[in-house]
Amino acid sequence: MDTGNILRILQEKYGYEKGMQVFMTVMPGIMADFRKMLAASPVGMPVMEEYKLEDGKAVITLSGRRLSNGAQEIDAQIR
């Protein structure tokens, strides 16, 4: 997952300072929640979850799957 791209999109939506604040405060919790979901899913099964930010300006959609070696593939989209 390209975290630089996520930060760039958040900064486009919120402005530089607010985008950085959202990225540094909200994204860690979202990622922790999604990683727990992946860890609980069967190997290879796709998982998808949408996270709507409180102000409604952005929806972060994470999708991914757990690999047989324990690694996780995660893709993010923001709209």
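## Ground rules and overall layout

Helices and strands here are DSSP runs, at least four residues for a helix (H or I) and at least two for a strand (E), numbered from the N terminus. With that in hand, V43 can be placed: it sits in the loop between α3 and β1. Keep in mind that this is a predicted model.

The protein chain carries 3 helices and 3 strands, and if you walk along the sequence you meet them in the order α-α-α-β-β-β. Its C-alpha atoms fit a box of roughly 40 × 20 × 20 Å along the principal axes. Of the 79 residues, 34% are buried. Take the contacts between residues at least 6 apart in sequence, and 36% of them link residues at least 24 apart.

## The nonpolar core

The largest nonpolar core is built from 21 residues, and L10, M27, L53 and L62 have the most contacts inside it. Who chips in? The elements giving two or more residues are the helices α1 (3–14), α2 (16–25) and α3 (27–40), plus the strands β1 (47–52), β2 (59–66) and β3 (72–78).

L10 is a good place to start looking. Leaving aside residues up to four places away in sequence, L10 touches G15, G19, V22, F23, M27, L53 and I78. Two of those partners, M27 and L53, are themselves on the list of residues with the most contacts inside the core.

Q11, in helix α1, is worth a glance too. Q11 counts as buried because its relative accessibility is 18%, and the cut-off is under 20%. Beyond its sequence neighbours up to four places away, Q11 touches Y16, G19 and M20. G19 is thus a contact of Q11 and also of L10.

## The hairpin

β2 and β3 run antiparallel to each other, paired over 7 bridges. If you want a register mark, S63 stands opposite D75 in β3.

The two strands make a hairpin with 5 residues between them. In that turn, G70 has a positive phi of about 95 degrees.

## The loop between α3 and β1

Two residues in this loop are worth comparing: S41 and V43. Is S41 buried or exposed? S41 is buried, because its relative accessibility is 8% and anything under 20% qualifies. V43, with a relative accessible area of 47%, is partly exposed.

Their contacts, again not counting residues up to four places away in sequence, both lead to R66. S41 touches V47 and R66, while V43 touches R66, L67 and S68. R66 itself falls within the range of β2 (59–66). V43 also lies 8.4 Å from G70, C-alpha to C-alpha, with 27 residues separating the pair in sequence. That is the G70 of the hairpin turn, the one with the positive phi.

## The largest pocket

Rolling a probe the size of a water molecule over the atoms shows where empty space is left. In this model the largest pocket has a volume of about 190 Å³. Its lining is made up of Y14, K18, Q21, V22, T25, V26, I30, Y51, K52, L53, E54 and D55.

Which element supplies the largest share of that lining? It is α2, with 4 residues; α2 and β1 each supply at least two. By character, the lining splits into 6 nonpolar, 2 polar and 4 charged residues.

There is a link back to the core here. V22 and L53 both line the pocket, and both are touched by L10.

How values were computed:
Residues are numbered from 1 along each chain as its sequence is written. This is a predicted model: local features need pLDDT of at least 70, side-chain atom pairs count only at pLDDT 80 or more; totals for chains, interfaces and linings use all residues. Side-chain values use heavy atoms; hydrogens and water are left out. A nonpolar core is a set of buried Ala, Val, Leu, Ile, Met, Phe, Trp, Tyr and Cys residues joined through side-chain atoms within 4.5 Å. Buried means under 20% relative accessible area, exposed over 50%, partly exposed in between (1.4 Å probe, protein chains only). Contact means heavy atoms within 4.5 Å. On a 1 Å grid over the protein atoms alone, a cavity is a set of points where a 1.4 Å probe fits but cannot get out, and a pocket is an open set with protein on both sides within 12 Å along at least five of seven lines; lining residues have an atom within 4 Å of a point. Grid points are joined across faces, edges and corners, and a volume is the space filled by probe spheres set on the points. Ala, Val, Leu, Ile, Met, Phe, Trp, Tyr, Cys and Pro count as nonpolar, Asp, Glu, Lys and Arg as charged, and the others, Gly among them, as polar. Two strands pair if DSSP finds at least two bridges between them.
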